[in-house]
Amino acid sequence: MEQLLEYFGVLTGLLYLLLEIRQHRAMWVVGFLTSLVYVFVFFFSKIYADMGLNIYYVAISIYGFWQWTRKKAINEEKTNQNAPANEAILYRNMTFPLLTGIILAILAIYALLYYILHNFTDSPIPAGDAFTTAVGIVATWMLARRIIEHWIFWIIVNCVSVYLYYLRGLYPTMFLYICYAILAAVGLYTWKKKGIKTNDSTL
């Protein structure tokens, strides 16, 4: 059963990332399903922080869908008249004050998670688990706000995750995260090349 869940999560995870690159709102629905599956996969593998991260992903998927949907009218105004509105890729750049806040948030979340995992669980990889979870929490929030640099954070997280899942014998998931790392680089390129930069902080 656990292996079937893992393979299902791999398939929906790949679909999620392809939709994310195109900024299709359906990505949040697919991401909801993927995250829900991986809550159980990571629980059985004792990767507790990543399990918690996927619980967060379930919640942020609801927020992300709402965030992207409520600005549909604004997006239509900024889209080329010859292209459907839902094909427009809008993004914002990260400012220095925001970067400072993001780094501080990652450090705080990492310290808290590492303390909990190291002292109160039987996690075999507390440092790596805490790191990927802390960065993943912040990167998902950045995605919901359409901040393009979230792709860089995901490239780092995915590369570290490949090694962690190899250690735990989650080989299908390891393959998924190799694809994630590659497609994250593609996503960064696609958003930068085809996207429309905006300074609208409400997006």
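Here are some numbered notes on this predicted model, from the overall fold down to single residues.

1. Start with the overall layout. The protein has eight helices and two strands, and from the N terminus on the order is α-α-α-α-β-α-α-α-α-β. Of the 203 residues in the protein, 50% are buried. If you take the contacts with a separation of 6 or more, 76% of them are between residues 24 or more positions apart.

2. Next, the empty space inside. Rolling a probe the size of a water molecule over the atoms shows where such space is left. How many cavities of 30 Å³ or more turn up in a search of the whole structure? The search finds two. The largest has a volume of about 320 Å³, while the second largest holds about 60 Å³.

3. The largest cavity has 22 lining residues, and those closest to its centre are Tyr16, Glu20, Tyr57, Trp154 and Tyr180. Several helices take part: H1 (2-21), H2 (26-44), H3 (48-70), H6 (126-144), H7 (150-167) and H8 each put at least two residues into this lining. Which helix gives the most? That would be H2, with five residues. By type, the lining of the largest cavity splits into 14 nonpolar, seven polar and one charged.

4. The second largest cavity is lined by Phe42, Asp50, Leu53, Asn54, Tyr57, Thr132, Trp154, Val157, Ser161, Tyr165 and Tyr177. Here H3 and H7 each supply at least two residues. The split for this lining is seven nonpolar, three polar and one charged. Keep an eye on Tyr57 and Trp154 while you look around: they are among the residues closest to the centre of the largest cavity, and they also line the second largest one.

5. On to the aromatic residues. A pair of aromatic rings is described by the distance of the centres and the angle of the planes. The structure holds 12 aromatic pairs. One of them joins tyrosine 177 and tyrosine 180, with 4.8 Å centre to centre and 65 degrees between the planes, which makes the pair edge-to-face. These two tyrosines are three residues apart in helix H8, so about one helical turn separates them. Tyrosine 177 is buried, at a relative accessible area of 12%, and tyrosine 180 counts as buried too, at 11%.

6. That pair belongs to a bigger picture. Tyr38, Phe42, Tyr165, Tyr177 and Tyr180 are linked into a cluster by ring pairs. Some of the cluster's members have come up already: Phe42, Tyr165 and Tyr177 are in the lining of the second largest cavity, and Tyr180 is among the residues closest to the centre of the largest one.

7. Now for charges. Side chains of opposite charge can pair when their charged atoms come close. The structure holds one salt bridge. Aspartate 122 and lysine 46 form it, and their closest N and O atoms are 3.3 Å apart. What does the pair tie together? Aspartate 122 sits in the loop between helix H5 (96-120) and H6, and lysine 46 in the loop between H2 and H3, so the bridge connects parts 76 residues apart in sequence. Is aspartate 122 buried or partly exposed? At a relative accessible area of 43%, aspartate 122 is partly exposed. Lysine 46 also counts as partly exposed, at 35%.

8. A word on backbone angles. Most residues other than glycine have a negative phi. Lysine 46 is not a glycine, yet it has a positive phi of about 65 degrees. Arginine 146 has a positive phi as well, about 60 degrees, and is not a glycine either. Arginine 146 belongs to the loop between H6 and H7. Is arginine 146 buried or exposed? With a relative accessibility of 5%, arginine 146 counts as buried, whereas lysine 46 is partly exposed.

9. Last, threonine 190. You will find it in helix H8 (residues 171-194). Threonine 190 has a relative accessible area of 15%, which falls under the 20% limit, so it counts as buried. Leaving aside residues up to four places away in sequence, threonine 190 touches Ile21, Ile89 and Gly195.

Note on methods. Residues numbered from 1 in each chain as written. Predicted model: local features only at pLDDT ≥ 70, side-chain atom pairs only at ≥ 80, totals over all residues. Heavy atoms only, no water. Helix = DSSP H or I, 4+ residues; strand = E, 2+ residues; numbered from the N terminus. Buried < 20%, exposed > 50% of the residue type's maximum accessible area, 1.4 Å probe, protein only. Contact = heavy atoms within 4.5 Å. 1 Å grid on protein atoms, 1.4 Å probe; cavity = no way out; pocket = protein on both sides within 12 Å on 5 of 7 lines; lining within 4 Å. Points joined across faces, edges and corners; volume = space filled by probe spheres on them. Nonpolar A, V, L, I, M, F, W, Y, C, P; charged D, E, K, R; others polar. Salt bridge = Lys/Arg side-chain N within 4 Å of Asp/Glu carboxyl O. Phe/Tyr/Trp six-rings, centres within 6.5 Å; stacked < 30°, edge-to-face > 60°.
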